[in-house]
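Welcome! Here is a short tour for anyone meeting this structure for the first time. Have a look at the picture, and then we can walk through it together.

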Amino acid sequence: MKPSEDARKYAPATERNREPILEVLLQVLPKSGTILEIASGTGEHAVFFASRLKDYLWLPTDINPQSRASIISWTEHNVCDNVYAPLELDVREPVWGVENSGFDWLNLKPIVAIVNINMIHISPWSACLGLMAGAGRILKAGGILYLYGPFKQGGEHTAASNAAFDKYLRTENPEWGVRNLDDVVAVASAQNLILQQIYQMPANNLSVVFQRST
């Protein structure tokens, strides 16, 4: 075992949701380009999706240095040649690093989609605002923003388990919590990101797909 593999972290939910998420991504992603993953966490999703989406380059990011180390270790372990080294990225920043001139290589394979799994409920609302603002700046017309996680619909929880999860999150941090999908859609719309489709997913989660308008 390589020493770097010691940095690999595991998220139990990944094995449960990765196949259903992949099914949706195969339906909604543009034909090719770079996929920017926000809050990649352990990196397990990155290597799973990238190994099955060979027409794309996968650019993982995370604000946590331990998570970035895990992503590198998973990438080395799975020998994924279409996964970039992870970047440090805080969605609340007014300009993301990938928008800077040092990333000219993205001109060859531009970012055509942004994927964000299980973040906006385990972060302040400002993170959702920052995610939408960044997606609005970066994505060109036709670009896709994909979200996965639990949401309220019509202001109501969709399952008792989600209500309990929401209570737990708010106990951990009052700024966290399951978001009302209507609020998320409204923030997205303000950034020219138009709701395209909602998919029912395992464990009372949703896949929510937005497309950047002209």
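## Two unusual loop residues

Let us start in the loop that runs between β1 (33-38) and α2 (44-52), where Ala 39 has its place. The model you are looking at is predicted. Ala 39 is not a glycine, and yet its phi is positive, at about 60 degrees. With a relative accessible area of 26%, Ala 39 is partly exposed, because that status covers values from 20% to 50%.

Asn 118 tells a similar story elsewhere. The loop between β3 (111-117) and α4 (125-138) is where to find Asn 118. Asn 118 also has a positive phi without being a glycine, this time of about 55 degrees. Its relative accessible area is 28%, so Asn 118 is partly exposed too.

## The overall build

Stepping back, how many helices and strands does the protein have? There are six helices and eight strands. If you follow the sequence from start to end, they come in the order α-β-α-β-α-β-α-β-β-α-β-α-β-β. The radius of gyration is 16 Å, close to the 17 Å that the globule rule gives for 214 residues, so the protein is as compact as a globular protein of that length.

The C-alpha trace spans about 45 × 45 × 30 Å along its principal axes. Of the 214 residues, 50% count as buried. The accessible surface comes to about 10200 Å², and carbon and sulfur atoms account for 51% of that surface. Contacts also reach along the chain: among those between residues at least 6 apart in sequence, 73% join residues at least 24 apart.

## A covered helix

Now follow the chain on from Ala 39 to α2, the helix at the end of that loop. Is α2 mostly covered or mostly open? It is mostly covered, with seven of its nine residues buried. The buried residues are Glu 44, His 45, Ala 46, Val 47, Phe 48, Phe 49 and Ala 50.

What do these buried residues pack against? Their partners are the helices α1 (12-28) and α3 (65-78), together with the strands β1, β2 (56-60) and β3.

## Rings that meet

Two of the buried α2 residues, Phe 48 and Phe 49, lead us to the aromatic side chains. A pair of aromatic rings is described by the distance of the centres and the angle of the planes. The structure holds five aromatic pairs. In one of them, the ring centres of Phe 49 and Trp 58 are 5.6 Å apart and the planes stand at 45 degrees, so the pair is tilted. Phe 49 counts as buried because its relative accessibility is 0%, and Trp 58 counts as buried because its value is 1%.

The rings of Phe 103 and Trp 105 have their centres 5.4 Å apart and their planes at 55 degrees, so this pair is tilted as well. Trp 105 counts as partly exposed, at 31% relative accessibility. Back at α2, ring pairs join Phe 48, Phe 49 and Trp 58 into a cluster.

## Charges over rings

Which residue lies over the face of Trp 74? That residue is Arg 8, at 4.9 Å from the ring centre. Another arginine, Arg 137, has its charged end over the ring of Trp 96, 5.7 Å from the centre of that ring.

Note on methods: Residues numbered from 1 in each chain as written. Predicted model: local features only at pLDDT ≥ 70, side-chain atom pairs only at ≥ 80, totals over all residues. Heavy atoms only, no water. Helix = DSSP H or I, 4+ residues; strand = E, 2+ residues; numbered from the N terminus. Buried < 20%, exposed > 50% of the residue type's maximum accessible area, 1.4 Å probe, protein only. Contact = heavy atoms within 4.5 Å. Phe/Tyr/Trp six-rings, centres within 6.5 Å; stacked < 30°, edge-to-face > 60°. Lys NZ or Arg CZ within 6 Å of the ring centre and 35° of its normal. Rg over C-alpha atoms; globule rule 2.2 N^0.38 Å. Areas by Shrake-Rupley, 256 points an atom, 1.4 Å probe, with all protein chains shown as cover.
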